[in-house]
Amino acid sequence: MSNEDRELVARVLSHRDTSAFGELVRRHQSQVRGFLIRLSGDAALADDLAQDSFMHAWDRLGTYAGRGSFIGWLLKVAYTTFLQSKRRSRRYAEILEEIGNVADVQGTSYTRPQEEVGDLDKLLAVLSEQERAVMIMSYACGLSHREISDATELPVGTIKSLIHRGKEKIRSNFEIKDHQHDHRHG
Amino acid sequence: MAERQKDSDDRMLEALFRPEVIPDDGFSKRVVARVRRRVWTRRITLPLAVVLGSLVAAEPVVSFLKAAVELLSTVSGASITPDWVPSSFTLVAGAVLFGILLTTLNLLEE
């Protein structure tokens, strides 16, 4: 954690200083929102989740022990918020399905409109949700395996194998694409 | 990422995942506004609950205390008058004062 983060966290904890918390939000909002956009594939939903994540962070800041980076801890809060929201959406979809409203169920899934899908989204689409979260934390946010392990509450060995599996999936997906491309032009 | 050797795949993935900077656009202000609302809500919830609770409960509490005193004097045979039982107005006034005290303590603490 940077000295500035440490100082801001101390100010929030000792004085419940909302301005210091605002500064922490300003410093880390881009990474948290970027993480949630890639994880959910929906910018508006990601923004709502990011706000909720920072509210949870305000409530639970006392549980941050100063071990590891502050952004690692924030991403843990964001990932938990995402999973909780996903569980609620799934339950909502189940209820809608139970009452026979199949059309609305489509609207609750985390999918981005086809025209907005970029290269990275296509790559992320081949990964499972867990692999996606771990890959984003590792490659986009630069967290260490230990920090990802803390954030996801998975053992370091599992993190390594999730990254390995994710890379394999992306590699094979690329090879398939290259092969199809070569075949078409061959 | 520093804990292991990076291969060409890692470099390719890092380039693909390179984080885009998302402008704040008032996001942090919205979060801080929500935090401040929450702080105020928490600050006044308990004192308000004490005052409202006393408004609702004052009358029944006074009646209950008076009935209990009368029952006690009947059972024991002693002459106990319910004069010491506070009026419902006193109870509500006490609760309001307690609420103000709680709010002041919350403000002083923060």
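**How chains A and B meet in a predicted model**

The contact between the two chains of this predicted model takes 26 residues from chain A and 22 residues from chain B. On the side of chain A that touches chain B, five helices each supply at least two residues, namely helix 2 (18–40), helix 3 (43–60), helix 6 (119–125), helix 7 (129–140) and helix 9 (156–185). Helix 2 of chain A gives the largest share of that side, with 10 residues. Sorted by class, the side of chain A that touches chain B has 10 nonpolar, 11 polar and 5 charged residues.

Before going further into chain A, it is worth asking how confident the prediction is. The average pLDDT of chain A is 82, and 82% of its residues score at least 70. Two stretches fall below that level of confidence: over residues 103–111 of chain A the pLDDT stays under 50, although the model has 11 contacts beyond four places in sequence for them, while residues 176–186 of chain A are likewise below 50 and have 0 contacts in the model beyond near neighbours in sequence. Where pLDDT is low, the predicted coordinates should not be read in detail.

Chain A is divided into domain 1, covering residues 1–111, and domain 2, covering residues 116–186. Between these domains, 13 residues of domain 1 of chain A are in contact with 13 residues of domain 2 of chain A. On the domain 1 side of this contact, the elements that give two or more residues are helix 2 and helix 4 (70–98) of chain A. By class, that side of domain 1 of chain A has 5 nonpolar, 6 polar and 2 charged residues. Helix 2 of chain A thus appears in two settings, both on the side that touches chain B and on the side of domain 1 that touches domain 2.

The interior can be followed through the largest nonpolar core, which has 46 residues; those with the most contacts inside it are A:Phe35, A:Leu36, A:Leu74, A:Leu75, A:Ala78, A:Ile136 and A:Met137. At least two residues of this core come from each of helix 1 (3–15), helix 2, helix 3, helix 4, helix 7, helix 8 and helix 9 of chain A, and also from helix 2 of chain B. Helix 4 of chain A gives the most to this core, 9 residues, and at least three core residues are drawn from each of domain 1 and domain 2 of chain A. In soluble globular proteins, nonpolar side chains tend to be buried together. For a view from one of these core residues, A:Ala78 is in contact, leaving aside its neighbours within four places in sequence, with A:Val32, A:Phe35, A:Leu36, A:Ala50 and A:Ser53.

One of the helices that supply this core, helix 8 of chain A (residues 145–152), is largely enclosed by the rest of the structure, because 7 of its 8 residues are buried. Those buried residues are A:His145, A:Glu147, A:Ile148, A:Ser149, A:Asp150, A:Ala151 and A:Thr152. Helix 8 of chain A is followed by A:Glu153, which has a positive phi, near 60 degrees.

Chain B has another kind of outline. It has 3 helices and 0 strands, and from the N terminus on its elements run α-α-α. Its radius of gyration is 30 Å, whereas a compact globule of 110 residues would have one near 13 Å, and its C-alpha atoms fill a box of roughly 95 × 30 × 20 Å along the principal axes. Buried residues make up 7% of the 110 residues in chain B. Even so, among the contacts in chain B between residues at least 6 apart in sequence, 71% join residues at least 24 apart.

Two valines illustrate the surroundings of helix 2 of chain B. B:Val62 has its place in this helix and counts as partly exposed, because it has 18 C-beta neighbours inside 10 Å. Leaving aside its neighbours within four places in sequence, B:Val62 is in contact with B:Val85, B:Ser87, B:Ser88 and B:Leu91. From B:Val62 to B:Val51, 11 residues apart in sequence, the C-alpha distance is 16 Å. B:Val69 is placed in helix 2 (residues 27–76) of chain B as well, and with 16 other C-beta atoms within 10 Å it is partly exposed. The C-alpha atoms of B:Val69 and B:Val85, 16 residues apart along the chain, are separated by 8.8 Å.

How values were computed. Residues are numbered from 1 along each chain as its sequence is written. Chains are lettered from A and ligands numbered from 1 in the order in which they are written. This is a predicted model: local features need pLDDT of at least 70, side-chain atom pairs count only at pLDDT 80 or more; totals for chains, interfaces and linings use all residues. pLDDT is the predictor's confidence in each residue, from 0 to 100. Two residues are in contact if their C-beta atoms, placed from the backbone, lie within 7 Å. Helices (H or I, at least four residues) and strands (E, at least two) are DSSP runs, numbered from the N terminus. The radius of gyration is taken over C-alpha atoms; the globule rule is 2.2 Å times the number of residues to the power 0.38. A residue is buried if 20 or more other C-beta atoms lie within 10 Å of its own, exposed if 12 or fewer, and partly exposed in between; C-beta atoms are placed from the backbone. Ala, Val, Leu, Ile, Met, Phe, Trp, Tyr, Cys and Pro count as nonpolar, Asp, Glu, Lys and Arg as charged, and the others, Gly among them, as polar. Domain bounds come from an automatic or database domain assignment. A nonpolar core is a set of buried Ala, Val, Leu, Ile, Met, Phe, Trp, Tyr and Cys residues joined through C-beta atoms within 7 Å.
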